[in-house]
Amino acid sequence: MEATQNGSHAEGLAHSWREFARMPTYLVPVVLAGLLAVIVGVLTYAFDAAKAGALVAVSPEATFLVVFGIVGLIGYAVAKQNVQNGAIVAMIAGLALVVLVSGTAGLLLGLLLLAGAVWSLGASR
């Protein structure tokens, strides 16, 4: 019984990687910006905690990066079903990153999300 469950789990994992391989090109900036925003947000907190030598309060910038990075990834998931709705979700996340996160990371990742959303809208017509 256990071998059957492990085999099906491995097949499901392989299927998810194949899904990324067949991703439309216009969704790559959305996924890339979402993942990078989450990673940069987590690393920002980790470096702040390492500098202080203890657990510290999470900065608003790190929180916004993680939250709106996840919203960008949700936009990708929505775009697999309906490209226009997914592009709208990604645009909201991109605008929020540009407006709410001060610094280069927020600006660049927000603009990358916006570019991917605009490209998605253009490709869906």
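The expected span of a helix is 1.5 Å times one less than its number of residues. That rule gives a quick check on the helices of this predicted model. Take helix α5, residues 104-124. It has 21 residues, so it should span 30 Å, and its end C-alpha atoms are 30 Å apart, which agrees.

Now for the burial pattern of α5. Its buried residues are G106, L109, G110, L113, L114, G116, A117 and S120. These cover an arc of only 160° around the axis, so they sit on the same side of α5. The face turned away from that buried side carries exposed residues: T104, L108, V118 and G122. What covers the buried residues of α5? The cover includes α2, α3 (60-81) and α4 (83-100).

A123 also has its place in α5. Its relative accessible area is 39%. Buried means under 20% and exposed over 50%, so A123 counts as partly exposed. Along the chain, A123 and V83 are 40 residues apart. In space, the C-alpha atoms of A123 and V83 are separated by 8.8 Å.

V83 leads on to α4, where V83 is one of the buried residues. The others in the list for α4 are G86, A87, A90, A93, G94, A96 and L97. This buried set packs against α2, α3 and α5. The span check works here too. With 18 residues, α4 should span 26 Å; its end C-alpha atoms are 25 Å apart, which agrees.

L100 lies in α4 as well. Its relative accessible area is 40%, so L100 is partly exposed. Which residues does L100 touch, not counting those up to four places away in sequence? They are F64 and F68. L100 and P60 are 40 residues apart in sequence. Their C-alpha atoms are 8.8 Å apart in space.

Next comes α2, residues 28-52. It has 25 residues and should span 36 Å; its end C-alpha atoms are 36 Å apart, so the two values agree. The buried residues in α2 are P29, V30, V31, A33, G34, A37, G41 and A49. After α2 comes G53, whose phi is positive, near 80°.

α2 also holds I39. Is I39 buried, partly exposed or exposed? At 46% relative accessibility, I39 counts as partly exposed. I39 belongs to a nonpolar patch on the surface, along with L35, L43 and F47. Together these four residues have about 390 Å² of accessible area.

Step back to the whole protein. It has five helices and zero strands. From the N terminus on, the elements run α-α-α-α-α. The chain has 125 residues, and 30% of them count as buried. The protein exposes about 7500 Å². Carbon and sulfur atoms supply 71% of that area.

How do contacts spread along the sequence? Consider contacts between residues at least 6 apart in sequence: 65% of them join residues at least 24 apart. The pairs described above give two cases of separation in sequence set against distance in space. A123 and V83 form one pair, 40 residues apart along the chain with C-alpha atoms separated by 8.8 Å. L100 and P60 form another, also 40 residues apart in sequence and 8.8 Å apart from C-alpha to C-alpha.

Terms used:
Residues are numbered from 1 along each chain as its sequence is written. This is a predicted model: local features need pLDDT of at least 70, side-chain atom pairs count only at pLDDT 80 or more; totals for chains, interfaces and linings use all residues. Side-chain values use heavy atoms; hydrogens and water are left out. Patches are made of residues with over 30% relative accessible area and no salt bridge: like charges are joined within 9 Å, nonpolar side chains (Val, Leu, Ile, Met, Phe, Trp, Tyr) within 5 Å. Accessible areas come from the Shrake-Rupley method with a 1.4 Å probe; for residues, only the protein chains shown count as cover. A salt bridge is a side-chain nitrogen of Lys or Arg within 4 Å of a carboxyl oxygen of Asp or Glu. Helices (H or I, at least four residues) and strands (E, at least two) are DSSP runs, numbered from the N terminus. Buried means under 20% relative accessible area, exposed over 50%, partly exposed in between (1.4 Å probe, protein chains only). Contact means heavy atoms within 4.5 Å. The arc is that of the directions from the helix axis to the C-beta atoms.
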